Amino acid sequence: MNALPLRSLLFVPGDSEKKLAKALGAGADALILDLEDSVAPANKAAARGAVAAFLRDRPAGRLPQLWVRINPLATPEGLADLAAVAGGAPAGIVIPKADGPDEVRRLGHYLDALEQRDGVAAGSVRILPVATETARAPFALGDYADAGLGRLLGLTWGAEDLSTALGAATNQDATGGWAFTYRLVRSLSLMAAKAAGVQAIDTLYVDFRDPDGLRAACIAARREGFTGRVAIHPDQVAVINDCFMPSAEDVAFAHRVVAAFAAAPGAGTVGLEGRMLDIPHLTQARQVLALNAAYAAAAEGASR
Ligand code: COA
Ligand code: MG
């Protein structure tokens with residue numbers, strides 16, 4: 001697993017040369033070069049060629065991780081996509097409409113062969129399934145934990161394809177938030193990722209002209225345990241990057257928690273600012289400080 005989780009993963013339609021070029025400078029931790037739902041059927045073949053070329057011809061230097069979302073393995077395009085892009089040594093493959101860990105394992109076997117064929121380091125291409133997009137998928141979420149999938153980087157979830165699969169008219173409730181079914185699979189995907197020890201990546205925020213709404217949603221997601229979020233527009237990237245790092249407030253609080261326990265050696269529970277804290281709070285505080293230190297070290301490395 002990477003030392004640092006991916007905060008922002010920016011989708012880029014694979015058939016748009018303009019967006020592909022622009023995306024490199026967007027500041028995202030990762031790009032997801034898309035061959036699936038943002039590409040019309042008539043453009044699929046051209047997009048596959050464009051993405052393969054983009055990977056092959058990428059400039060040297062510090063770049064975002066380059067991921068590719070292929071078409072589902074259940075469609076003829078899926079394998080063709082994979083065969084076309086594997087030689088470009090993508091950081092990973094996003095697999096949409098994944099039914100469960102067996103499908104991720106199958107993709108891993110294909111990658112074993114393609115890495116060998118193309119001279120790409122064995123096991124280097126990671127996998128990120130969109131793990132809630134079919135009616136069957138939510139029932140397999142708990143199985144990722146014991147599946148032993150070395151390539152698995154994280155789990156993400158999606159509401160659009162799931163609502164289509166369910167024959168739903170909408171995935172929203174009367175207040176405009178996610179309807180219960182989608183809140184359910186979102187929480188299950190979060191717990192499934194944690195159970196598997198991988199990154200929990202929240203789904204896209206569809207209104208890309210609403211930075212305040214995005215910010216509030218990202219802060220809430222981070223506080224629930226998500227480590228990053230998909231972006232669909234360059235304007236979303238900075239907000240997401242910012243929100244998925246521990247805030248100054250959280251870091252200061254974590255320091256106070258650690259200090260409170262340090263001041264009471266051997267205590268399993270302490271009081272701080274009128275609240276009871278016990279060992280899980282201390283563990284949480286240490287997690288916040290460790291993540292904060294890792295980001296600081298990475299920023300230090302980048303500026304040298
Ligand atoms: N990646 C890279 N560049 C992008 C981009 C993206 N995802 N989205 C927009 N841009 C570029 C535009 O090309 C435009 O470039 P310009 O300034 O050189 O003209 C600039 O950013 C501003 O874009 P804007 O006019 O605000 O948006 P738009 O109307 O062109 O595009 C979308 C809106 C939703 C179509 C576009 O953001 C998009 O394609 N998003 C990704 C969709 C996707 O991949 N979906 C699959 C996952 S669900
Ligand atoms: Mg989709």
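**Buried residues, a ring pair and a magnesium site**

Visitor: Why is Trp157 called buried?
Guide: Trp157 has a relative accessible area of 1%, and buried means under 20%, exposed over 50% and partly exposed in between (1.4 Å probe, protein chains only); Trp157 therefore counts as buried. This is a predicted model, in which local features need pLDDT of at least 70, side-chain atom pairs count only at pLDDT 80 or more, and totals for chains, interfaces and linings use all residues. Residues are numbered from 1 along each chain as written, chains are lettered from A and ligands numbered from 1 in written order, and side-chain values use heavy atoms, without hydrogens or water.

Visitor: What makes Trp178 partly exposed?
Guide: Its relative accessibility is 26%, which falls between the two limits and therefore earns that term.

Visitor: Why is the pair of Trp157 and Trp178 called edge-to-face?
Guide: Rings of Phe, Tyr and Trp (its six-membered ring) pair if their centres lie within 6.5 Å; planes under 30 degrees apart are stacked, over 60 edge-to-face, the rest tilted. Here the centres are 5.3 Å apart and the planes stand at 70°, so the pair is edge-to-face. The count by this rule is 1 aromatic pair.

Visitor: How do you know that Asp37 and Asp161 are donors of the magnesium ion (ligand 2)?
Guide: Their OD atoms lie 2.0 Å from the ion. Donors are N, O and S atoms within 2.8 Å of the metal (3.2 Å for Na, K and Ca), so both qualify; water is not among the atoms, so sites may look incomplete.

Visitor: Is Asp161 buried or exposed?
Guide: Asp161 is buried, at 16% relative accessible area, whereas Asp37 is partly exposed at 46%.
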